[in-house]
Each structure stands twice: as C-alpha cells, then as structure tokens.
Amino acid sequence: MQTSADLCAHLRAARPGPPPFRERLALDAAHGPSELIVSCARCGATALLELLDWAGPRRELRVFRASGIPRELVDEFRGRAGRPSCDLRRGERELEAFLSHAGSVRALLAWHLERDALVALREVAADDGVPLGAWREVMPPREDARWFDWLGIAKV
Ligand SMILES: [Zn+2]
C-alpha cells in the first residue's frame, strides 16, 4: 500500500512516448482533462496531475505539474465520490480535503492528448517557482511560453 505522498521514481523518470499511466481518473475538465489522478503502470503508485498551460488549436498539448498522492486516499475518495448526497457543497469540500493530501510538485510533464503521448518531462526543484494555484489562475498568457521553454519544447 502506498502511503507516501511522493511522486514515484518511475513517473519522475518517465521518458517521451506512451504515457506510463495505468489508470486515469479525471477530476476536472476543460476541452479535455485539466486535473486528474493517474497511477504508475510499473508500481501502481498514484499521482495528481494539474494543468499549468496548454497549446495547439484544440488545446491538445498540455503541461501539467505532477505530485504524488497516497493510493489509500485515492481509493477512499473514489468510494465516496460514487455515493449520492443532498448536500451539493459536500462533493466540493471532499475534493478539496482530498487534494490537500498531495505531496509537493516533483515534475512537470507535457502530454499530447490527441496522440496520447508524453512529449517531455522534467523534475522540479523547490526553487523552480512552479505556481500552485488552480489552472484558471496560474495559466500564463498565450504569448508567454515559460513552461514550454522550461521543458525544451515549442508552444504551438
Ligand atoms: Zn512507479
């Protein structure tokens, strides 16, 4: 059982190619997933991916920040999410509480949704200045390619 909130070594070292994810659980979407839980195809460890920026005519090339989140909490959250509730705010509160257990951001990755390919990945250090807010608040303007540059790919 994964109890650590650290991103597993396999995902930290993932190479360009087919995304090494076994499961994908979208938590939020905007023309495609903007916040999702994935699990490592090698060890099953779970990770949280949160959108930072996007490019392409259909916003299909996306940069996500990646952090670990304990598997036992993911399973617990999935179980609760399926249950109906009269309290509309409850789901929102539970999601917020669940996401607060994610570890620190350990990597940025670029994922081409239409080709379903990992395009680039780079490990993040604490002083790299990756913003932690919701994507709608932290997404840079269209002409600002900082995260694409940082990953060594073009923002097109
Ligand atoms: Zn792994």
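## Strand E3 and its pairing

A residue is counted as buried here if 20 or more other C-beta atoms lie within 10 Å of its own. By that criterion strand E3 is mostly covered in this predicted model, with 9 of its 10 residues buried.

E3 spans residues 46-55 and pairs with strands on either side in the sequence. Strands E2 and E3 run antiparallel and are joined by 5 bridges, and within this pairing Ile 37 has Leu 48 of E3 as its bridge partner. E3 and E4 also run antiparallel, joined by 8 bridges, and here Glu 50 is partnered with Arg 65 of E4.

## Turns and positive phi values

The hairpin of E2 and E3 has 5 residues between its strands, and Gly 44 there takes a positive phi near 80°. The hairpin of E3 and E4 likewise has 5 residues between the strands, with Gly 56 in the turn at a positive phi of about 100°.

Most residues other than glycine have a negative phi. Arg 59, however, which sits in the loop between E3 and E4, has a positive phi near 55°; this residue is partly exposed, with 15 other C-beta atoms within 10 Å. Asp 116, located in the loop between strand E5 (105-112) and strand E6 (117-123), also has a positive phi, of about 45°, although it is not a glycine. Asp 116 counts as exposed because it has 10 C-beta neighbours inside 10 Å, and the cut-off for that class is 12 or fewer.

## The nonpolar core

In soluble globular proteins, nonpolar side chains tend to be buried together. The largest nonpolar core of this model has 35 residues, and those with the most contacts inside it are Ala 47, Phe 64, Ala 66 and Leu 109. At least two residues of this core come from each of strand E2, E3, E4, helix H2, E5 and helix H5.

Ala 47 shows how separate parts of the chain meet: when its neighbours within four places in sequence are left aside, its contacts are Leu 7, Leu 11, Val 38, Ala 66, Ser 67, Gly 68 and Ile 69.

## The two sides of helix H2

Helix H2, covering residues 71-81, has Arg 71, Leu 73 and Val 74 as its buried residues. Seen down the helix axis, these buried residues fall within an arc of 160°, so they line one face of H2. Asp 75 and Gly 79, by contrast, are exposed on the other side of the helix.

Notes
Residues numbered from 1 in each chain as written. Predicted model: local features only at pLDDT ≥ 70, side-chain atom pairs only at ≥ 80, totals over all residues. Helix = DSSP H or I, 4+ residues; strand = E, 2+ residues; numbered from the N terminus. Core = buried A, V, L, I, M, F, W, Y, C linked by C-beta atoms within 7 Å. Contact = placed C-beta atoms within 7 Å. Arc of directions from axis to C-beta. Pairing = 2+ DSSP bridges.
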